[in-house]
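Subject: A structure for you to look at

Hi,

Here is the structure I promised to pass along. Could you open it beside this email and follow the notes as you read?

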Amino acid sequence: MTRITETEDLHNPNVVKVVTGYKGDALYFSRSAIPFNRDGNTSCSYYRHIGVYAYRKESLLKFISLAPSHLEQIEKLEQLRLLENGFKLRMVETDYQGIGIDSPHDLQVVAAILNLQEH
(Lines give C-alpha, C1' and ligand atoms only; values in the text may rest on other atoms or scores of the structure.)
Protein backbone atom coordinates (compact mmCIF):
# COMPACT_ATOMS: atom_id res chain seq x y z
CA MET A 1 0.00 0.00 0.00
CA THR A 2 1.10 3.54 -0.58
CA ARG A 3 -0.14 6.80 0.88
CA ILE A 4 -2.71 8.69 -1.18
CA THR A 5 -1.64 12.29 -1.57
CA GLU A 6 -3.94 13.50 -4.34
CA THR A 7 -7.59 14.32 -3.60
CA GLU A 8 -8.49 13.16 -7.11
CA ASP A 9 -7.17 9.65 -6.29
CA LEU A 10 -9.08 9.57 -3.03
CA HIS A 11 -12.38 9.99 -4.85
CA ASN A 12 -11.53 7.90 -7.93
CA PRO A 13 -13.34 4.52 -7.74
CA ASN A 14 -10.59 2.96 -9.87
CA VAL A 15 -8.11 3.63 -7.05
CA VAL A 16 -8.67 0.90 -4.46
CA LYS A 17 -8.30 2.07 -0.88
CA VAL A 18 -7.34 -0.02 2.14
CA VAL A 19 -7.52 0.45 5.90
CA THR A 20 -5.41 -1.64 8.25
CA GLY A 21 -5.30 -2.61 11.89
CA TYR A 22 -2.46 -1.91 14.30
CA LYS A 23 -0.47 -4.95 13.13
CA GLY A 24 -0.76 -4.00 9.45
CA ASP A 25 -3.43 -6.51 8.47
CA ALA A 26 -6.08 -5.28 6.05
CA LEU A 27 -9.43 -4.57 7.66
CA TYR A 28 -11.25 -3.56 4.48
CA PHE A 29 -10.73 -2.60 0.84
CA SER A 30 -13.03 -0.21 -0.98
CA ARG A 31 -13.43 1.89 -4.07
CA SER A 32 -14.75 4.63 -1.74
CA ALA A 33 -12.66 6.89 0.46
CA ILE A 34 -12.10 4.98 3.69
CA PRO A 35 -12.05 5.71 6.52
CA PHE A 36 -14.78 8.30 6.33
CA ASN A 37 -13.31 11.37 8.04
CA ARG A 38 -16.50 12.66 9.62
CA ASP A 39 -14.93 15.41 11.72
CA GLY A 40 -12.16 16.46 9.31
CA ASN A 41 -9.40 15.05 11.52
CA THR A 42 -6.09 16.33 10.14
CA SER A 43 -4.21 13.18 11.20
CA CYS A 44 -6.33 10.95 8.95
CA SER A 45 -4.27 9.11 6.32
CA TYR A 46 -5.51 7.28 3.25
CA TYR A 47 -3.80 4.39 1.49
CA ARG A 48 -3.97 2.99 -2.02
CA HIS A 49 -3.86 -0.76 -2.46
CA ILE A 50 -1.18 -1.57 -5.02
CA GLY A 51 -2.27 -5.15 -5.65
CA VAL A 52 0.96 -7.14 -5.43
CA TYR A 53 0.30 -10.44 -3.65
CA ALA A 54 2.40 -13.26 -2.24
CA TYR A 55 0.50 -16.45 -1.32
CA ARG A 56 1.47 -19.72 0.23
CA LYS A 57 0.39 -22.55 -2.08
CA GLU A 58 -2.22 -23.84 0.39
CA SER A 59 -3.77 -20.38 0.75
CA LEU A 60 -3.95 -19.85 -2.99
CA LEU A 61 -5.60 -23.24 -3.53
CA LYS A 62 -8.13 -22.44 -0.78
CA PHE A 63 -8.79 -18.98 -2.27
CA ILE A 64 -9.62 -20.31 -5.73
CA SER A 65 -11.95 -22.90 -4.22
CA LEU A 66 -14.07 -20.24 -2.50
CA ALA A 67 -17.16 -18.84 -4.17
CA PRO A 68 -17.21 -15.09 -4.84
CA SER A 69 -18.35 -13.35 -1.66
CA HIS A 70 -21.13 -10.83 -1.10
CA LEU A 71 -18.84 -7.83 -0.55
CA GLU A 72 -16.58 -8.90 -3.42
CA GLN A 73 -19.55 -8.83 -5.77
CA ILE A 74 -20.65 -5.40 -4.53
CA GLU A 75 -17.21 -3.70 -4.66
CA LYS A 76 -15.79 -5.87 -7.49
CA LEU A 77 -12.66 -6.54 -5.37
CA GLU A 78 -11.55 -10.17 -5.11
CA GLN A 79 -9.45 -9.58 -1.99
CA LEU A 80 -12.68 -9.07 -0.04
CA ARG A 81 -13.41 -12.77 -0.62
CA LEU A 82 -10.37 -13.55 1.52
CA LEU A 83 -11.34 -11.14 4.30
CA GLU A 84 -14.93 -12.40 4.41
CA ASN A 85 -13.60 -15.94 4.79
CA GLY A 86 -11.29 -15.09 7.70
CA PHE A 87 -7.96 -14.83 5.88
CA LYS A 88 -5.41 -12.25 6.99
CA LEU A 89 -3.84 -10.00 4.40
CA ARG A 90 -0.71 -8.31 5.72
CA MET A 91 -0.13 -4.95 4.11
CA VAL A 92 3.31 -3.39 3.62
CA GLU A 93 3.69 0.35 3.13
CA THR A 94 5.90 1.55 0.30
CA ASP A 95 6.69 4.80 -1.47
CA TYR A 96 6.20 3.05 -4.84
CA GLN A 97 3.78 4.98 -7.04
CA GLY A 98 3.16 2.72 -10.03
CA ILE A 99 0.53 3.28 -12.67
CA GLY A 100 -2.41 0.89 -12.63
CA ILE A 101 -4.40 0.31 -15.79
CA ASP A 102 -7.97 0.00 -14.54
CA SER A 103 -9.87 2.08 -17.07
CA PRO A 104 -9.67 3.23 -20.70
CA HIS A 105 -8.35 6.60 -19.45
CA ASP A 106 -5.52 4.86 -17.55
CA LEU A 107 -4.58 3.01 -20.74
CA GLN A 108 -4.39 6.31 -22.63
CA VAL A 109 -2.13 7.80 -19.95
CA VAL A 110 0.28 4.85 -20.08
CA ALA A 111 0.24 4.80 -23.89
CA ALA A 112 1.16 8.51 -23.90
CA ILE A 113 4.02 7.87 -21.45
CA LEU A 114 5.34 5.00 -23.56
CA ASN A 115 5.03 7.08 -26.72
CA LEU A 116 7.06 9.90 -25.13
CA GLN A 117 9.76 7.43 -24.09
CA GLU A 118 10.14 6.17 -27.67
CA HIS A 119 11.15 9.63 -28.92
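Below is what I found, going from the whole chain down to single residues.

**The chain as a whole**

Please keep in mind that this is a predicted model. The chain has 119 residues, and 29% of them count as buried. Its C-alpha atoms fill a box of roughly 50 × 40 × 25 Å along the principal axes. The accessible surface comes to about 8600 Å², with 54% of that belonging to carbon and sulfur atoms. If you count contacts with a separation of 6 or more, 52% of them come from residues 24 or more positions apart.

The secondary structure consists of 5 helices and 4 strands. Along the sequence they follow the pattern β-α-β-β-β-α-α-α-α.

**The sheet**

The strands form an open sheet of 4, in the order β1-β4-β2-β3, and the pairing is antiparallel. Strands β1 (2-3) and β3 (26-30) stand at the edges with a single partner strand each, so one side of each has no neighbour in the sheet. As a general reminder, strands of a sheet pair through backbone hydrogen bonds.

Strand β2 (residues 17-20) is joined to β3 by 4 bridges, and the two run antiparallel. Within that pair, K17 has S30 of β3 as its bridge partner. The hairpin of β2 and β3 has 5 residues between the strands, and there G24 takes a positive phi near 95 degrees. Strand β2 also pairs with β4, again in the antiparallel sense, over 2 bridges. Here V18 is matched with Y47 of β4 as its bridge partner.

**Two backbone details worth a look**

If you check omega values, go to I34 and P35: a cis peptide bond joins them, with omega about 0 degrees. P35 sits in the loop between β3 and β4.

The other detail is K76, in the loop between α3 (70-75) and α4. Its phi is positive, near 60 degrees, although K76 is not a glycine. Is K76 buried or exposed? With a relative accessible area of 59%, K76 is exposed, because the cut-off for that class is over 50%. A polar atom of the K76 side chain lies 2.8 Å from the backbone oxygen of Q73. Apart from neighbours within four places in sequence, K76 is in contact with R31 and L71. K76 and R31 are 45 residues apart in sequence, yet their C-alpha atoms are 8.8 Å apart in space.

**A buried glutamine**

Which residues does Q79 touch, leaving aside its neighbours within four places in sequence? They are V16, F29, H49, Y53 and L89. Q79 itself belongs to helix α4. Its relative accessible area is 3%, so Q79 counts as buried, the limit being under 20%. One of the contacts of Q79, F29, falls within the range of β3 (26-30).

**Two tyrosines in loops**

Y53, another of the contacts of Q79, lies in the loop between β4 (47-48) and α2 (57-65). Y53 counts as partly exposed, because its relative accessibility is 32%. Y53 also helps to make a nonpolar surface patch of about 450 Å², together with Y55, L60, L61 and I64. So Y53 is worth selecting when you view the surface, and again when you view the surroundings of Q79.

Y96 is found in the loop between α4 (79-84) and α5 (104-118). Which residues is Y96 in contact with, beyond its neighbours within four places in sequence? Those are T2 and I50. Y96 and I50 are 46 residues apart in sequence, while the distance between their C-alpha atoms is 8.7 Å. The other contact, T2, is in the range of β1 (2-3), one of the edge strands.

**Where to start**

For a quick tour, begin with the sheet order β1-β4-β2-β3. Then move to the cis bond between I34 and P35 and the positive phi of K76. You could finish with buried Q79 and the patch that includes Y53.

Happy to talk it over whenever suits you.

Best wishes

Terms used:
Residues are numbered from 1 along each chain as its sequence is written. This is a predicted model: local features need pLDDT of at least 70, side-chain atom pairs count only at pLDDT 80 or more; totals for chains, interfaces and linings use all residues. Side-chain values use heavy atoms; hydrogens and water are left out. Two strands pair if DSSP finds at least two bridges between them. Contact means heavy atoms within 4.5 Å. Patches are made of residues with over 30% relative accessible area and no salt bridge: like charges are joined within 9 Å, nonpolar side chains (Val, Leu, Ile, Met, Phe, Trp, Tyr) within 5 Å. Accessible areas come from the Shrake-Rupley method with a 1.4 Å probe; for residues, only the protein chains shown count as cover. A salt bridge is a side-chain nitrogen of Lys or Arg within 4 Å of a carboxyl oxygen of Asp or Glu. Buried means under 20% relative accessible area, exposed over 50%, partly exposed in between (1.4 Å probe, protein chains only). A polar contact is a pair of N or O atoms within 3.5 Å; within protein, one must be able to donate a hydrogen and the other to accept it, and residues adjacent in sequence count only if both atoms are side-chain atoms.
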